There are 4 protein chains.
Amino acid sequence: MTYSVAVSGASGYAGGEILRLLARHPDVEIRTVTAHSSAGDALVDHQPHLRSLRHLTLQPTTPEVLAGHDIVFLALPHGQSGQYTDALGGASLIIDAGADHRLTSEDDWNAFYGGLFHEPWTYGVPELLVDGSKQRERLASATRIAAPGCNASTVSLSMAPGVAAGVVDATDIVTVLAVGPSGAGKAVKPHLLGAELMGSATPYAVGGTHRHIPEIQQALRAAGASDPRVSFTPVLVPMARGILATTSAPMAEGVTDAEVRDAWETAYANEPFVQLLPEGRFPRTVDVTGANTALMGLAIDRSANRVVVVTAVDNLAKGTAGAAIQSMNIALGLDEATALPVDGVAP
Amino acid sequence: MTYSVAVSGASGYAGGEILRLLARHPDVEIRTVTAHSSAGDALVDHQPHLRSLRHLTLQPTTPEVLAGHDIVFLALPHGQSGQYTDALGGASLIIDAGADHRLTSEDDWNAFYGGLFHEPWTYGVPELLVDGSKQRERLASATRIAAPGCNASTVSLSMAPGVAAGVVDATDIVTVLAVGPSGAGKAVKPHLLGAELMGSATPYAVGGTHRHIPEIQQALRAAGASDPRVSFTPVLVPMARGILATTSAPMAEGVTDAEVRDAWETAYANEPFVQLLPEGRFPRTVDVTGANTALMGLAIDRSANRVVVVTAVDNLAKGTAGAAIQSMNIALGLDEATALPVDGVAP
Amino acid sequence: MTYSVAVSGASGYAGGEILRLLARHPDVEIRTVTAHSSAGDALVDHQPHLRSLRHLTLQPTTPEVLAGHDIVFLALPHGQSGQYTDALGGASLIIDAGADHRLTSEDDWNAFYGGLFHEPWTYGVPELLVDGSKQRERLASATRIAAPGCNASTVSLSMAPGVAAGVVDATDIVTVLAVGPSGAGKAVKPHLLGAELMGSATPYAVGGTHRHIPEIQQALRAAGASDPRVSFTPVLVPMARGILATTSAPMAEGVTDAEVRDAWETAYANEPFVQLLPEGRFPRTVDVTGANTALMGLAIDRSANRVVVVTAVDNLAKGTAGAAIQSMNIALGLDEATALPVDGVAP
Amino acid sequence: MTYSVAVSGASGYAGGEILRLLARHPDVEIRTVTAHSSAGDALVDHQPHLRSLRHLTLQPTTPEVLAGHDIVFLALPHGQSGQYTDALGGASLIIDAGADHRLTSEDDWNAFYGGLFHEPWTYGVPELLVDGSKQRERLASATRIAAPGCNASTVSLSMAPGVAAGVVDATDIVTVLAVGPSGAGKAVKPHLLGAELMGSATPYAVGGTHRHIPEIQQALRAAGASDPRVSFTPVLVPMARGILATTSAPMAEGVTDAEVRDAWETAYANEPFVQLLPEGRFPRTVDVTGANTALMGLAIDRSANRVVVVTAVDNLAKGTAGAAIQSMNIALGLDEATALPVDGVAP
């Protein structure tokens with residue numbers, strides 16, 4: 001069976017990456033691509049790298065245009081998905097790459113986003129430990145999926161195994177992320193200009209204000225933490241794509257090095273897309289460029305009494321579009337790895 | 001009076017930056033530049049940006065060549081300074097940009113460097129709080145100065161005010177640094193190739209192994225901490241120069257936001273080269289490129305119970321060569337700011 | 001049928017890219033990977049992005065190890081392929097990614113490379129116009145293939161249509177190429193350090209000395225030029241991969257704009273991997289990152305009397321490894337596009 | 001005497017660089033900085049690297065605010081300078097960093113810019129050969145100065161010596177420039193986003209449409225060419241600042257290599273800010289970052305019959321602000337080099 005697909009927000013970065021990956025998916029037909037202000041343009045005018053899709057024209061993002069497809073991807077600015085979901089009742093599967101359906105707590109929504117609260121959908125990170133099993137199980141029967149925030153899933157995957165195994169203290173997690181500016185989308189803001197960002201490291205959302213914080217806390221609570229607290233600082237660095245999250249937490253009293261390492265090894269031993277590197281090795285973002293892979297290295301620092309997990313993710317691939325398509329594959333009962341590269345494009 | 005100067009290691013990055021700054025210093029004459037394997041070459045063959053010094057030829061780094069100058073800068077690989085210092089007894093002032101004379105603890109030296117331990121010299125970070133005063137006072141009478149490690153001084157300056165004021169808990173400091181590869185020097189190693197580092201974030205020395213850790217602990221003890229512990233993770237990012245250190249520590253129980261912020265404001269209120277930005281503002285590395293300035297932003301995250309200090313430094317300028325020359329100015333009784341730019345080269 | 005494959009030089013950039021593409025090829029089995037000084041290491045220690053091949057160990061590059069495979073890729077430094085080719089008589093197909101078998105003129109070889117001259121093999125650029133047909137026809141029956149130089153094929157593809165159609169004067173071609181440093185390989189040289197190349201544009205081989213010049217002249221002679229001359233200047237710029245070649249030539253007297261444009265349109269109308277963009281559009285290197293695609297834009301400048309062709313190629317993909325595998329597919333009678341991405345990884 | 005200075009467009013890149021250099025000028029007082037939409041903000045909110053000017057507030061750009069200063073710098077978008085110049089009759093010296101007063105030909109203005117034509121001012125490139133002398137002589141008595149286009153002056157300086165000496169054929173000049181995006185200003189356009197430009201080379205204005213072309217032709221006519229023609233292609237590359245122009249022209253019949261090289265050597269032998277490198281050496285942009293220096297390398301390619309000149313310039317420094325201040329120094333009778341760095345900030 002071939003599933004018909006519509007992708008909204010197709011002129012943006014998340015939409016473009018969804019299309020790049022779907023273009024090689026044998027079980028889907030990309031029938032419709034939509035955008036807002038660029039409706040009427042050729043897709044390739046906004047995504048010049050998608051040469052295999054140069055026959056497609058952007059249509060307006062309306063419920064009517066999106067209706068009538070088996071699968072609909074919403075890659076819209078936060079707060080805009082809700083208006084479409086009611087009208088798309090007929091779609092077998094809707095996947096929202098935005099934040100609208102991620103949070104289960106209306107208080108968190110109000111504190112970090114504001115505006116109308118939407119019901120939470122099944123969270124699209126298959127490898128997350130949730131109540132002793134993997135989130136994959138919930139995705140198998142999902143028809144509405146909330147793809148994760150790229151930074152959020154990177155940090156959650158970094159710490160969930162230690163939290164679930166009880167080997168770390170989740171009340172004092174610290175994470176600092178080197179991130180590429182594609183994570184901020186194609187919105188045109190002065191501080192995102194190339195001349196501003198090249199040759200520089202630029203922090204933002206310092207001090208507990210980033211919107212991915214409640215999403216991480218929610219995931220770590222699901223993994224077993226009672227009161228997860230996260231000091232979260234993203235730093236823009238001069239690479240178009242990529243997240244390198246350095247996340248640490250105090251170790252629980254009395255745990256051995258082997259117990260700590262074992263928590264992560266056990267959690268990800270059989271995961272094709274979340275891989276723990278051997279001791280003493282740490283990943284680079286370029287190792288996962290374009291890939292649906294989260295690469296992780298773990299160090300135990302007894303002097304500082306912290307376990308340090310360094311995780312590399314491509315924010316657009318595994319961080320957003322890859323997670324969305326991996327979740328789609330699971331929900332459709334397809335091979336989970338279909339169309340998802342595991343090897344990065346390096347150097 | 002014009003002081004005669006010799007700079008060893010003149011073909012490397014630290015040596016080059018010392019020369020770039022000294023070239024505009026009205027009170028010194030750069031008489032001698034030395035190198036190891038490139039002795040005999042024109043300086044400008046190795047430092048093509050130093051057009052004003054194109055008349056200089058690299059001489060061999062030997063005690064004989066370095067002797068007979070008022071001031072000698074040693075910008076040599078760690079472990080090589082010691083052999084020269086005895087022979088240079090006549091120099092009024094020797095400044096070592098390497099690590100050999102930084103640590104006061106032989107145990108620390110053995111644990112992180114190894115090889116012969118050298119006596120500690122006066123530490124070249126004038127703005128550091130030491131026993132209730134500034135290190136500047138000690139530099140005023142110094143004749144032997146150890147310039148700091150670039151990452152170490154960045155982190156130490158970030159946390160010393162909070163430690164000295166007792167508003168942070170120094171036993172759980174976490175710092176993650178986005179750093180440019182010039183900090184690794186001109187040594188030719190595969191992982192430092194441009195093709196490897198461009199478009200990527202690359203962690204190294206993860207888990208408590210970086211040599212700047214004991215130097216930070218030493219500085220924080222001098223600032224008043226009894227048992228400073230630091231989780232320290234450097235990440236190479238694609239910018240030639242710069243350090244952006246995101247450093248956080250738990251807040252001491254009961255302190256108010258105002259007390260926290262006041263600690264830093266008071267410490268650096270009158271410092272020309274260490275500046276705290278207004279609330280809600282954070283620095284970029286490009287703001288201090290080429291400058292002797294450390295720019296700092298501070299946030300208080302009550303949810304995570306941490307104060308977060310983000311500090312931008314040019315690793316070669318304020319991080320090494322600028323600190324060395326600022327210390328020299330103090331030791332010579334000159335205006336401390338002579339030849340030291342406060343404005344960065346941006347964008 | 002599944003073909004067994006050996007890849008030598010597997011620790012380098014060209015070898016790594018061959019493996020990245022072959023890993024998704026359904027008709028080959030990567031049985032053997034070899035290297036020189038890193039023999040014995042895991043492949044993934046040197047190619048950490050090739051997660052799907054983490055079971056492979058590097059073996060020594062010897063004729064014995066390479067023997068017994070259906071297909072052998074040689075990705076060795078120039079001058080080293082020759083010693084293996086005799087010993088590999090049994091291989092159905094040998095593809096050399098080095099220069100040893102590219103040039104047909106021993107004089108050119110001596111002038112630009114030196115050392116032992118080797119017999120020319122079938123040149124691996126299927127889309128090149130050769131004597132009125134495409135090089136693809138020659139590749140269909142090839143058993144020994146010389147993959148092109150990345151800069152050479154980029155410039156040759158840029159100008160061959162105009163040369164073949166007689167609409168440009170090939171005696172005064174000028175090309176300037178912005179190139180990423182991965183084209184220089186993993187050899188560790190000071191001027192290729194990240195700190196040297198970041199934030200800078202660095203010319204090299206200025207003034208007619210680059211080794212790809214005779215290769216371009218050879219291709220343009222094959223396309224019909226009697227005395228092709230090329231002013232060729234490569235400039236290293238801060239991107240790991242990519243070539244953007246700006247190539248221009250005087251227009252032949254009396255030709256119309258339509259005739260000029262038509263030469264390129266006709267030549268590449270049905271090519272999946274060499275695409276001419278619509279008038280007024282020009283490619284970026286990121287549009288073809290990781291892809292086997294050459295994207296081309298063409299402008300006619302009547303004031304300067306030049307046709308200007310701007311071509312973007314991924315030096316490792318279409319420039320080397322992609323060309324090699326595309327040629328392999330042709331030689332084996334497989335679908336020419338197998339395992340070769342047409343869409344780039346952008347942004 | 002201290003001159004009072006006003007800088008308009010102070011929130012932009014050209015204005016920022018003028019201020020960075022003026023801040024260290026002993027003979028001027030920066031009294032007024034103006035901007036358009038950001039009037040009322042602190043200067044340092046828009047130029048966070050100008051820490052020494054953090055006491056300044058942006059005032060609105062009006063004739064009234066700019067009036068009453070000895071020297072006025074106009075760093076405004078093209079077409080906006082004219083409205084101020086009448087009202088500023090009292091200023092001893094006005095320097096326009098925009099294009100309004102550069103071109104002497106109204107036809108050129110209409111063809112490349114359009115809108116009201118303004119009278120040409122003295123062109124601010126002191127080292128240019130004009131009618132057998134240097135432009136410096138004209139600047140000595142100037143009161144209205146047009147600072148050059150950064151690309152234009154780079155190419156003009158590259159070719160003027162050969163043109164003036166009659167050793168090159170100016171009817172077939174080809175130049176391709178690797179340029180940093182700060183040259184495009186702070187205007188917020190999607191194609192200038194960091195995510196778009198990082199890791200990529202991006203051509204623009206291909207095929208004879210760039211506005212700096214008539215400015216180059218004008219300069220080369222002044223140097224002695226009767227019909228200069230220039231194929232001009234700029235390529236954005238991932239560095240914030242810098243121009244590396246590779247410019248070539250056919251050599252005149254019968255000239256010797258020595259005659260060619262001598263033309264450039266003679267022209268720039270005594271210039272502090274335009275320097276020809278020794279044979280076989282070529283400049284990198286980083287060698288002149290932040291400096292008022294144009295570094296040049298020259299190669300003679302007899303096979304292609306072209307002389308190739310590679311010139312590195314910092315587009316904001318020597319390309320714009322440095323040229324403006326150098327011209328100001330000359331016009332005021334000060335030491336021409338005052339406040340102008342000759343050494344670049346590298347690496």
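This briefing covers the relation between two chains and the aromatic pairs in the structure. The model is predicted. Chain B superposes on chain A with an RMSD of 0.0 Å after a turn of 180 degrees and a shift of 0.0 Å along the axis. That is how a two-fold axis relates copies. The aromatic pairs number 4 over all chains, including the stacked pair of Trp109(A) and Tyr113(A).

**Chain symmetry**

- Two copies of a chain are related by a rotation about an axis and a shift along it.
- For chain B laid on chain A, the rotation is 180 degrees and the shift along the axis is 0.0 Å, which is the relation of a two-fold axis.
- In chain B, Pro238(B) has the C-alpha nearest the axis, at 2.9 Å from it.
- Both copies use the same surface, since 100% of the contact residues of chain B recur in chain A.

**Aromatic pairs**

- A pair of aromatic rings is described by the distance of the centres and the angle of the planes.
- In chain A, the ring centres of Trp109(A) and Tyr113(A) are 4.5 Å apart and the planes are at 15 degrees; planes under 30 degrees apart count as stacked, so this pair is stacked.
- In chain B, Trp109(B) and Tyr113(B) also form a stacked pair, with 4.4 Å centre to centre and 15 degrees between the planes.

**Burial of the paired residues**

- Trp109(A) and Tyr113(A) are both buried.
- Trp109(B) has a relative accessible area of 2% and is therefore buried, the limit being under 20%.
- Tyr113(B), at 13% relative accessibility, is buried as well.

Notes. Residues are numbered from 1 along each chain as its sequence is written. Chains are lettered from A and ligands numbered from 1 in the order in which they are written. This is a predicted model: local features need pLDDT of at least 70, side-chain atom pairs count only at pLDDT 80 or more; totals for chains, interfaces and linings use all residues. Side-chain values use heavy atoms; hydrogens and water are left out. Copies are superposed by least squares on the C-alpha atoms of residues with pLDDT of at least 70 in both. Contact means heavy atoms within 4.5 Å. Rings of Phe, Tyr and Trp (its six-membered ring) pair if their centres lie within 6.5 Å; planes under 30 degrees apart count as stacked, over 60 as edge-to-face and the rest as tilted. Buried means under 20% relative accessible area, exposed over 50%, partly exposed in between (1.4 Å probe, protein chains only).
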